[in-house]
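This report describes a protein with a bound ligand. The sections take up the confidence of the model, the ligand site, the sheets and the backbone geometry.

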Amino acid sequence: MQKKLWPAVAIAAAVSAAAHAEIPTSALDFAPLSTVLNAFASAAAHRRAESLVEKMTLDEKLQFIHSQYAMSSVPGGGAGYIQGVPRLGIPDLNMADSSTGSGSTSQPSTTFPATIAVAASWDRQLASNYGKQVAIQLRAQGFGMGLGGGTNLAREPRGGRLFEYLGEDPILAGEMLAERTDGTQSQKVIATIKHYMGNEQEHGRGGGNSQIDERTMRELYLLPFEIAARTAQPGNVMCSYNRVNGTYACENSHILNDVLKNEWHFEGQVQSDWGAAHSTAPAINAGLDEEEDVGSTVYLTPALVKQAIANGSVSTARLNDMVERKLYVMIRDGVMDDPAKGGKSINFAAANAFTQSTAEQSMVLLKNASNQLPLAAGALSRIAVIGGHADAAVLTGGGSGNTRDPVTGAFSGCGGLTFGTSSGCSWWTNPWLKVETPIVSAIQALAPQAKVTFAGNSDQTSPFRAYTQQEISQAATLAANSDVAVVVVAQPAGEDFGDLQSLSLANPTNQDALIEAVAAANPHTVVVVESGNPVLMPWKDKVSAIVEAWYPGEAGGKAIANVLFGKVNPSGKLPVTFPARDQDTPTWGTDGSFQTDPVYAEGLDMGYRWYDAKNITPMFEFGYGLSYTHFGYSDLSVKRLPGGLTDVSFDVRNDGRVAGAEVPQVYLGVPYQGEPPRRLVGWDKVALNPGQSRHVHVVVTPRMQSVWDTTHSRWQYVPGSSVYVGASSRDIRLQGRS
Ligand code: NOJ
């Protein structure tokens, strides 16, 4: 049913409220109020940075654009370090990885859930708090810059670093990244967004050529960066290892100068990924402001840049611009006047509580036949917990996105992972995280009268090896003699581990066989998945419930138990499609082999758009997730507001008997050639008590109704989109027209 037209005054109020973010709006087209208020502070920061540059000697400037790689010698165990200029009051700037917690190699840090989990929460405030909580630890440890903020899209579902990104949709990823950035920079820590851009896989890691047409770049792969850069103004953009349409990302003038700096008015610095610079003058002139070297081949060294200035291939004005950008960000973000000193104590208990609630808000209930979940503690006398090292640890992602010195300790052994060329187990830290309350003990705590028994592989030296036939039989016997069987399966991934060969849990760990055997032995089988990627579930119809827990962080055991027993009502939704088969994914091709120089031939049909356009039914679609309650949708209204805005509003009602939160999603079908059937343009997350309903507004900006016009190189507004409101990308409950 359509609502009455709003009177003009209400429309004006709505626009103003939207600008003040009281109504969730889709990103872009609005300058946040803080940006406007900060314009004066920003101009003052520019003036101060300029005047500092005028006072710096050439050598002082050159030390500001090159960070030497010597992780062991970076103070505080960080990843990079720029020495300050004490005579001008410029402090040192020390940086550390921070995808899922501080990556300091020498100071203990909290392990937060992976950022794919943050995306699965669809909770903007949670993303902001995540950025803030990680930054609090970075700053206490002496780091003024965090290197988290990964947002390459999940084009390749097998991508080794998906866990440290934000899923497959550019709006979801971009808005969550913007929130994270704001949270980080609120703590006087400069935020990074990375890896800019076209860095969607580990194959061809050292310089594979991502071939992406301009429209696809604009509408998909650049968009999360654009949203974060424009709305949250991160201080640092890390350019990536790969090439983009033939040119290395860190010397690609189109993406750095034309798009990032000129079109988006990015005022911060562009930093190379570690070892991603490949030239001196070409990179500098294309927009690279700072090189992070890896010790072997270096290009922005004082000697080489001096030489380039002397022979005129780099101008002094450009060098000044490089230095000024860094100084500006240090001043603007508070790092100049109040540098992180380190040696501060960290409230690990508070951080642990935050990680637990983050994990709880992000878990996705994928199946719940006959209300198998939540488990009723009082009704269970024998509970089997099987596999996944649920007696000892949870899984985290590996590589620089891992916490290198976790507070809760690392599970021993490298687990037979095949590591990439450079690193190896010791440097990357074993991704199994020992937790104080592993799943088994957390379950026992919630069901004190039950006998909780573990079966599976307890081998700490090789946690990823295949289950033996004997272990599988023992697990099945235990399950047969239990009231319920909880099977935990884990899919390891990480930077420099390579991409996954398949989304299957069968090879090499034999986990599918484990589930099949347990499910055959007990009709009440609940599967908990710890992964950073989608997994295939050929056993889906044989088990009664499935929970996707992601890499849940150091409080993962308790969070999983709370969801299983209904202390927490799951409210996560998938930020990435879970396909039925590897062959159904856009990058599988004929045989699943990876392209070192990937051609993004599917164009705009990536992620859920691929499955919708090709009519392929996924196992679980993007945006999908169940709850212990259910929600009704009604009363859609689509209204045009001044300024090209569209207000999509509707009622969401909790029709069940327990409190819960729903994520209503708004999709548009844009009537323009090449556009996918539906694309996400906005959402909200609403917590509702039983019987309660809320009228939800999602304001869609003109940009969200536009396509990239390649002929004129500009965004073109397309009127007359179909509007879909749904509980997922396929569970569409209401339809209208804009
Ligand atoms: C390389 C990774 O790609 C990047 O994400 C990380 O920040 C740097 N190494 C520093 O560890």
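## Elements and confidence

Helices and strands are named here as DSSP runs, numbered from the N terminus, with at least four residues for a helix (H or I) and at least two for a strand (E). By this convention, K188 is found in the loop between α6 (170-185) and β5.

The model is predicted. The protein has an average pLDDT of 92, and 92% of the residues score at least 70. Residues 1-26 have a pLDDT below 50, and this stretch makes 49 contacts in the model beyond near neighbours in sequence. Where pLDDT is low, the predicted coordinates should not be read in detail.

## The ligand site

Which residues surround the ligand? The shell consists of D97, R161, K194, H195, M238, Y241, D273, W274, S400 and E495. By class, the residues of this shell divide into 5 charged, 3 nonpolar and 2 polar.

Three side chains of the shell can be described by their distances to ligand oxygen atoms. For D97, a polar side-chain atom lies 2.5 Å from an oxygen atom of the ligand. For R161, an N or O atom of the side chain is 2.8 Å from a ligand oxygen atom. For K194, a polar side-chain atom also lies 2.8 Å from an oxygen atom of the ligand. The ligand taken alone exposes 290 Å², of which the protein buries 97%.

## Two open sheets

Strands of a sheet pair through backbone hydrogen bonds, either parallel or antiparallel. One open sheet of 3 strands has the order β2-β3-β4, with mixed pairing. Its edges are β2 (80-82) and β4 (145-146); each has a single partner strand, so one side of each is left without a neighbour in the sheet. Strand β3 (residues 93-96) pairs with β4 in the parallel sense over 2 bridges. Within this pairing, M145 in β4 is the bridge partner of M95.

Another open sheet, also of 3 strands with mixed pairing, runs in the order β6-β8-β9. Here β6 (209-210) and β9 (247-248) stand at the edges, and one side of each has no neighbour in the sheet because each has a single partner strand. β6 pairs with strand β8 (residues 243-244) in the parallel sense, over 2 bridges. N209 stands opposite R243 in β8.

## A hairpin

Strand β29 (residues 722-726) and strand β30 (residues 732-737) pair in the antiparallel sense, over 5 bridges. Opposite V725 stands L734 in β30. How many residues lie between the two strands of the hairpin formed by β29 and β30? There are 5 residues between them.

## Backbone geometry around β5

Most residues other than glycine have a negative phi, and most peptide bonds are trans. Several sites in and around β5 depart from this pattern. K188, in the loop between α6 and β5, is a residue other than glycine with a positive phi, near 60°.

Where is H195 placed, and what is the form of the peptide bond that leads to it from K194? H195 belongs to strand β5 (residues 192-196), and the bond from K194 to H195 is cis, with omega near -10°. K194 and H195 are also among the residues that surround the ligand. The peptide bond from Y196 to M197 is likewise cis, with omega near -10°. M197 lies in the loop between β5 and β6.

Conventions: Residues are numbered from 1 along each chain as its sequence is written. This is a predicted model: local features need pLDDT of at least 70, side-chain atom pairs count only at pLDDT 80 or more; totals for chains, interfaces and linings use all residues. Side-chain values use heavy atoms; hydrogens and water are left out. A residue is near a molecule or strand if one of its heavy atoms lies within 4 Å of it. A polar contact is a pair of N or O atoms within 3.5 Å; within protein, one must be able to donate a hydrogen and the other to accept it, and residues adjacent in sequence count only if both atoms are side-chain atoms. Accessible areas come from the Shrake-Rupley method with a 1.4 Å probe; for residues, only the protein chains shown count as cover. Ala, Val, Leu, Ile, Met, Phe, Trp, Tyr, Cys and Pro count as nonpolar, Asp, Glu, Lys and Arg as charged, and the others, Gly among them, as polar. pLDDT is the predictor's confidence in each residue, from 0 to 100. Contact means heavy atoms within 4.5 Å. Two strands pair if DSSP finds at least two bridges between them.
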